[in-house]
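Please open the structure in your viewer and keep the selection tool at hand. This tour moves from one selection to the next and says what is found at each stop.

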Amino acid sequence: MADITLDQAKTEVAALRKQLDEWAEAYYSKDAPEVEDNVYDQKYNRLLELEKDFPELVTPDSITQRVGGKIDTKFTKVAHPIPMLSMGDVFSKEELREFDQRIQKQVGHPVAYNVELKIDGLSLSLEYQNGRLMRASTRGNGQVGEDVTANARFIRDIPQTLPKPLTIEVRGECYMSKEAFAKLNAERDENGKEVFANPRNAAAGSLRQLDAKVTKKRDLSTFIYTWVNPPEGITSQHQAIEEMHKLGFHTNQTGRKLETLDEIFDFIDEYTAKRDSLPYCIDGIVLKVDDLGIEQELGSTVKVPRWEIAYKFPPEEQETVVRDIEWTV
Ligand code: NAD
């Protein structure tokens, strides 16, 4: 229990929400973060802690109760009947152990996890009708996103047509490789334009463009990891990824179905070591209950699925960051 009074907590909670809302606005709407993620995460976790100790202070508009992004009114809105949620996160192996214990307690037995890299980009939904790409949209506020179909048509690894006439929705991460990011920033620097803070913001700023020709010039990629309402016969997360791969989606092939925490901790250690040498940025490791039936059973809170969690890497060496202020079109 926090060692402060309700009045003190009220004041601190109000200040934290104001600060976090400002940072979230810069990060999600302007694609130009004002602080490093770990600074944001620390304040966010303090807010979570206070709301846990003083539940009477929880309000639906708190950043802990909603997905962070806002929709830019310049874009056509796209409703997400199945919300695009955020993800809970932990910062230590001990907290992962607690997550696993909670799952086991709820499910009544040990479960296997599909363990995946957490790609540092922005979520993207792709909708196909009869095998043709009809619509692409951002996560937005989780319920409603932004229509970026014209932009997605210029992302080379997104199939415009599928080998079968399927009507499906898949979701994944749109990202910019380290190489494409370095090249883009070098060009911008040469042309006297401000450079992007990091590949995540470069990806978001390049996808969320009203003029798709700008997106065309940027070298964006995707990793697709979710099949929304997959057909019967697909019963696990790893199987869904395999099937999406066969359909021509760009999927990340490093994911593994793992049964024990020791194996999961080894995977974390392996990718903590390999992280810098990967051609794209990752900011953690995601554990997803592999069995889709159990996922359904566990469900979600208003903000995060209960069946998945991100283990976030400790912050990297701080770098001097120059922000891009020309994110709009
Ligand atoms: P998040 O980005 O931490 O996690 C959820 C997202 O992870 C999903 O929406 C998806 O897009 C992505 N993801 C990547 N790989 C995935 C995979 N394999 N499987 C499933 N999803 C995958 O959550 P969020 O709500 O988008 O953002 C919160 C985080 O953003 C904070 O923890 C903070 O680090 C950062 N943030 C930073 C600032 C800042 O000012 N620096 C401001 C706001 C938010």
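Begin by selecting the ligand and the 23 residues around it, of which Tyr27, Asp37, Ser86, Met87 and Ser123 come nearest; a residue is near a molecule if its C-beta atom, placed from the backbone, lies within 6 Å of it. The elements that give two or more residues to this shell are α1 (6-29), α2 (37-53) and β3 (113-119), where helices (H or I, at least four residues) and strands (E, at least two) are DSSP runs, numbered from the N terminus.

Before going on, note that this is a predicted model, in which local features need pLDDT of at least 70 and side-chain atom pairs count only at pLDDT 80 or more, while totals for chains, interfaces and linings use all residues. Residues are numbered from 1 along each chain as its sequence is written.

Now colour the shell by class, and eleven nonpolar, three polar and nine charged residues appear around the ligand. Here Ala, Val, Leu, Ile, Met, Phe, Trp, Tyr, Cys and Pro count as nonpolar, Asp, Glu, Lys and Arg as charged, and the others, Gly among them, as polar.

Next, select domain 1 (6-65) and domain 2 (77-312) in two colours; these bounds come from an automatic or database domain assignment. Where does the ligand lie with respect to domain 1 and domain 2? Both domains give residues to the shell around the ligand, so the ligand lies between them. The C-alpha centres of the two domains lie 24 Å apart, and six residues of domain 1 are in contact with nine residues of domain 2, contact meaning that the C-beta atoms of two residues, placed from the backbone, lie within 7 Å. The side of domain 1 that touches domain 2 has two nonpolar, one polar and three charged residues.

Then select Ser125, which lies in strand β4 (residues 122-129). Ser125 counts as buried because it has 23 C-beta neighbours inside 10 Å; the cut-off for buried is 20 or more other C-beta atoms within 10 Å of a residue's own, all placed from the backbone. Leaving aside neighbours within four places in sequence, the contacts of Ser125 include His80, Met84, Glu169 and Arg171.

Finally, show the whole protein chain, whose secondary structure comes to ten helices and eleven strands. Along its principal axes the C-alpha trace spans about 55 × 50 × 40 Å, and 33% of the 329 residues count as buried.

Key
Buried ≥ 20, exposed ≤ 12 C-beta atoms within 10 Å, placed from the backbone.
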